[in-house]
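Reader: Could you walk me through this one, a question at a time?

Author: Sure, have a look at it first and then ask away.

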Amino acid sequence: MSSTTQPVIPNRYRILTRSLEFLSALFVLSVWMVGEAGAVGVAAGTQIQNQASASYDVGGISFTTTSGINIVTVDEIIDVQVTLQSTSVPVNSPDTNQVLAYLVTNTGNGTEDFELSVTNLLSGDQFDPVLVSIWLDDGDGLFNPLLDTLYVVNANDPILDANDPANDSALIFVLNDIPGALTDANVGFSQLVATSVEMGSQVPGFTSVGTGDGGTDAVAGTSGAQDQDQGSYVVSSVLVSLVKTVTVLSDAIFGTQPVPGATLRYEITVSVTGSGTAQNVVISDAIPAGTIYQGGSLVLNGGGLSDSVDADAGDFNSSLADGITVDLGDVAGGALDNIVTFDVLIDPN
Ligand SMILES: [Ca+2]
Ligand SMILES: [Ca+2]
Ligand SMILES: [Ca+2]
Ligand SMILES: [Ca+2]
């Protein structure tokens, strides 16, 4: 304890001064603990200064005494978090270059390089994907090999600054191949691992003297300076098949003969099979030459559809010139067949 003035200090004031110093020590400790537990605490290398003072009167004269200045330099916490961004990816068997996306975030309080690796020999699934490559996103959130950067271990490890929200994380794409001879609904796991280049994987609390930012000590955070997350692929073959039939509607004159003026009814049956979902299924059919579409004859699963583009699923001569279009949306494998019918007249002229 140092003092700027040296009057005789009654004991009770000494006690007050010491208790203030104790409080200031507690303050420094609590700041460090927040830095350790939070996503980003006080930046590594920050100097936290604190000084206590006491004022008092003796015989009507005011005096002030101060403690020494405590200086604590904040250590660098080495922490990282890997978070899968993709839902389960439907794949064929075999398949190539199937993409999983992960966000790697520096959750410490300094700047750190993180080495990336992929683990594909994981249990609890039915197959092992085969790593092709790892890519660093260019910032648009989409994988594009012409714009994004191929990752080369220890050549372009992401350098993440926990104190800069614009540069504290990196979006990573992992491309795997899928083996052949798998069956529907087989699942394969793939894991991205990010590890501090400087520290490697350590137990939380491990301290490396002087290797943190600005020569501070580096301390492994709760992640142990390494984290990983896991994505999955699911073999999901889906097949859309169409069967089209035509019948001649009977009339009073010709019966069911396909003569000029007879009406033909086309029926299209749409079947979706497999374990996946066929997305944005759109049925279109051009009206055959020599026939004329019969207005208002478009039907889906027994319900009439208007010829105009509106809230229902179908139209004539808008989505497809002189043709019918029916938008079925997403159809899951194994769903009931969809049946589309429409009528045409064999041109009587
Ligand atoms: Ca660092
Ligand atoms: Ca596996
Ligand atoms: Ca991109
Ligand atoms: Ca319509």
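Reader: Let's start with strand pairing: how many bridges join E5 to strand E16, and do they run parallel or antiparallel?

Author: Keep in mind that this is a predicted model. E16 covers residues 218-220, and 3 bridges tie E5 to it. One pair to look for is Ile78 with its bridge partner Ala220 in E16. As for direction, E5 and E16 run parallel.

Reader: Which strands stand at the edges of that open sheet?

Author: The sheet has 3 strands in the order E5-E16-E15, with mixed pairing. An edge strand here has a single partner strand, so one side of it is left without a neighbour in the sheet. That describes E5 (76-78) and E15 (207-208).

Reader: Which strand gives the most to the largest nonpolar core?

Author: That core has 35 residues, and Ile78, Tyr102, Val104, Ile172, Val174, Leu192 and Ala194 touch the most other members. With 7 residues in the core, the top contributor is the strand spanning 169-178, E13.

Reader: And what does Ile172 touch, leaving out residues up to four places away in sequence?

Author: Nonpolar side chains tend to be buried together in soluble globular proteins. Ile172 is among the core residues that touch the most other members. Its contacts, with those sequence neighbours left out, are Tyr102, Val104, Leu116, Ile134, Leu136 and Leu192.

Reader: How many residues are in the other core?

Author: It lies apart from the one we just discussed. Tyr293, Leu300, Leu328 and Val340 are among its members, and the count is 14 residues.

Reader: Which residue is the bridge partner of Asp315 in E25?

Author: E25 (residues 323-332) pairs antiparallel with E20 (residues 277-286) through 8 bridges. E24 (residues 314-316) also runs antiparallel to E25, joined by 3 bridges. Within E25, Asp315 is matched with Thr325.

Reader: Is Asn317 buried, exposed or partly exposed?

Author: Asn317 lies in the loop between E24 and E25, and its phi is positive, near 65°, though it isn't a glycine. Buried would take 20 or more C-beta neighbours within 10 Å, and exposed 12 or fewer. Asn317 has 16 inside 10 Å, so it counts as partly exposed.

Reader: What about Ala181, buried or exposed?

Author: You'll find Ala181 in the loop between E13 and strand E14 (187-196). Its phi is positive too, about 65°. Because it has 8 C-beta neighbours inside 10 Å, Ala181 counts as exposed.

Reader: Last one: which residues does the cis peptide bond join?

Author: Most peptide bonds are trans. Here omega is about 0°, and the proline involved sits in the loop between E7 (89-91) and E8 (95-106). The pair is Ser93 and Pro94.

Technical notes. Residues numbered from 1 in each chain as written. Chains lettered and ligands numbered in written order. Predicted model: local features only at pLDDT ≥ 70, side-chain atom pairs only at ≥ 80, totals over all residues. Pairing = 2+ DSSP bridges. Helix = DSSP H or I, 4+ residues; strand = E, 2+ residues; numbered from the N terminus. Core = buried A, V, L, I, M, F, W, Y, C linked by C-beta atoms within 7 Å. Contact = placed C-beta atoms within 7 Å.
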